[in-house]
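I opened a new page for this protein and listed what to look up. The entries below follow the order in which I went through them.

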Amino acid sequence: MAAADAPGEEMVDAYRLEVEEWRSERDARLRSPDGWLTLAGLHWLERGRTAAVGARGSVELPTRLPPKLGEIRWREGDGGERAVFVPQPGIEGLRVDARPLAESSDDGEVSLRSDATGPPTRLSIDGVIFHLIERGDRVGVRVKDAKAPIRLAFRGIDNYPIDPDWRRRVRWEPTDGRRTIQVPNVLGTPTEEPVPGQVVWTEGGRDVRLDALEGGDENEIFVLFTDATNGAGSYPGGRFLYALIVVGDLTTPGEAILDFNRAYNPPCAFTRFATCPLPPPQNDLPFRVEAGEKAYSKAID
């Protein structure tokens, strides 16, 4: 299969080493004490209703922890309803954003930021972290456990062989800045996302287009895609890929590097407690992309 911009022969070894290093870093992030492999629970809250937190709480934590660490309660304020954590008296070892509880509480309670606008307030104890997430109009508590069985049993991810032909130099075609698409997710509540542009290249004699989202860093884009390997080698729900605009920028036409050797599994490939976006239907590639990560055989049912 011809590549639009495969490295020259003298660069192949260096390129393969670069991809291997990227894969090693990816593996290390997954194995970290608060990586995706630590997800151990996701509990949706009812606004205005108190929720007990602990090994026997409605927000259930690992059984090695006390039956009740405290409660999540709701307070009315100038900005509307907000969540607070009220610790159970006598609980020891609880930390808030890595600081002792006593340094972070106000009148015996801790204000909880969700992940809606930045890093959430993280409460931790004995390797367990829990914090608020917001998905649409829903608020939940995500639980991470450094001793989660899937993290302790993790054996790494199989990958397709590194093939420089799958590193593509593609056209970047920005939109008018107003286009949005519906991005589905595993919760069944699609979100409306802005599309700064499309990546375009020729495959099998015809143009292929993928809608891209903003990646976060300067001139970075994020692509969710499916292809003919899904369920037949790679994760059935598709894969993710970050790419870089190397000519032009988010608002002007140019070129991007799309390296499928760095295509990776979404968190949902490992745990049912993730809230992954899914590739939109128009990003389904009608051919096999035998590059990047394969399906993880030890994913939680």
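**Entry 1: Thr121**

I started at Thr121, which sits in the loop between β8 (110–111) and β9 (123–125). The model is a predicted one, and I read every value with that in mind. Is Thr121 buried or exposed? Its relative accessible area is 2%, and the limit for buried is under 20%, so Thr121 counts as buried.

I then looked up what surrounds Thr121. Leaving aside neighbours within four places in sequence, I found it in contact with Val96, Asp97, Val110, Ser111, Leu112, Arg113, Phe130 and His131. With Arg113 there is also a polar pair: a polar atom of the Thr121 side chain lies 2.9 Å from the backbone nitrogen of Arg113. I noted one long separation too, since Thr121 and Phe270 are 149 residues apart along the chain, and their C-alpha atoms are separated by 24 Å.

**Entry 2: overall counts**

I stepped back to the whole protein. I counted two helices and 19 strands. The C-alpha trace spans about 70 × 45 × 30 Å along its principal axes. Of the 301 residues, 47% are buried. Among contacts with a separation of 6 or more, 61% are between residues 24 or more positions apart.

**Entry 3: the barrel**

Which strands close into a barrel? I traced six, in the order β12-β15-β16-β17-β18-β19, with antiparallel pairing. Neighbouring strands of this sheet are turned by 40° against each other on average, with direction ignored.

I checked both pairings of β12. Strand β12 (residues 167–174) is joined to β15 (residues 197–203) by four bridges, and the two run antiparallel. Two of the partners I wrote down are Glu173 with Gln198 in β15 and Pro174 with Gly197 in β15. On the β19 side, six bridges join β12 to β19, again antiparallel. There, Arg168 stands opposite Leu258 in β19. As a reminder to myself, strands of a sheet pair through backbone hydrogen bonds, either parallel or antiparallel.

**Entry 4: the largest pocket**

How much space lies in the largest pocket? I have about 1300 Å³. The pocket is lined by 45 residues, and those closest to its centre are Trp36, Phe222, Phe240, Tyr242 and Tyr264.

I sorted the lining by element. At least two residues each come from α1 (12–31), β10 (128–135), β11 (138–145), β14 (191–194), β16 (206–214), β17 (220–225), β18 (239–249) and β19. Which element gives the largest share of the lining? It is α1, with six residues.

**Entry 5: positive phi**

I looked at two residues with positive phi that are not glycine. Asp126 has phi near 50° and lies in the loop between β9 and β10. Its relative accessible area is 41%, so Asp126 is partly exposed.

Asn219 has a positive phi of about 60° and lies in the loop between β16 and β17. Asn219 is at 19% relative accessibility, and because the limit for buried is under 20%, I recorded it as buried.

**Entry 6: the segment after β19**

I finished with two glutamates. Glu293 lies in the segment after β19 (252–259). At 2% relative accessibility, Glu293 is buried. Its side chain reaches the backbone nitrogen of Asn265 at 2.8 Å. Neighbours within four places in sequence left aside, I listed its contacts as Arg26, Ile157, Asp158, Asn159, Tyr160, Ser234, Arg239, Ala263, Tyr264 and Asn265. I marked Tyr264 in that list, having already noted Tyr264 among the residues closest to the centre of the largest pocket.

Glu290 is also placed in the segment after β19. Is Glu290 buried or exposed? Neither label applies: at a relative accessible area of 39%, Glu290 is partly exposed. Leaving aside neighbours within four places in sequence, Glu290 is in contact with Tyr160, Trp166 and Thr229. The C-alpha atoms of Glu290 and Tyr160 are 6.0 Å apart, while in sequence the two residues are 130 residues apart. I closed the page with a polar contact of 2.7 Å between the side chains of Glu290 and Arg288.

Notes
Residues numbered from 1 in each chain as written. Predicted model: local features only at pLDDT ≥ 70, side-chain atom pairs only at ≥ 80, totals over all residues. Heavy atoms only, no water. Buried < 20%, exposed > 50% of the residue type's maximum accessible area, 1.4 Å probe, protein only. Polar contact = N/O pair within 3.5 Å; in protein donor to acceptor, adjacent residues only side chain to side chain. Contact = heavy atoms within 4.5 Å. Pairing = 2+ DSSP bridges. Axes fitted to C-alpha atoms, helices over the stretch in contact; angles between N-to-C directions. 1 Å grid on protein atoms, 1.4 Å probe; cavity = no way out; pocket = protein on both sides within 12 Å on 5 of 7 lines; lining within 4 Å. Points joined across faces, edges and corners; volume = space filled by probe spheres on them.
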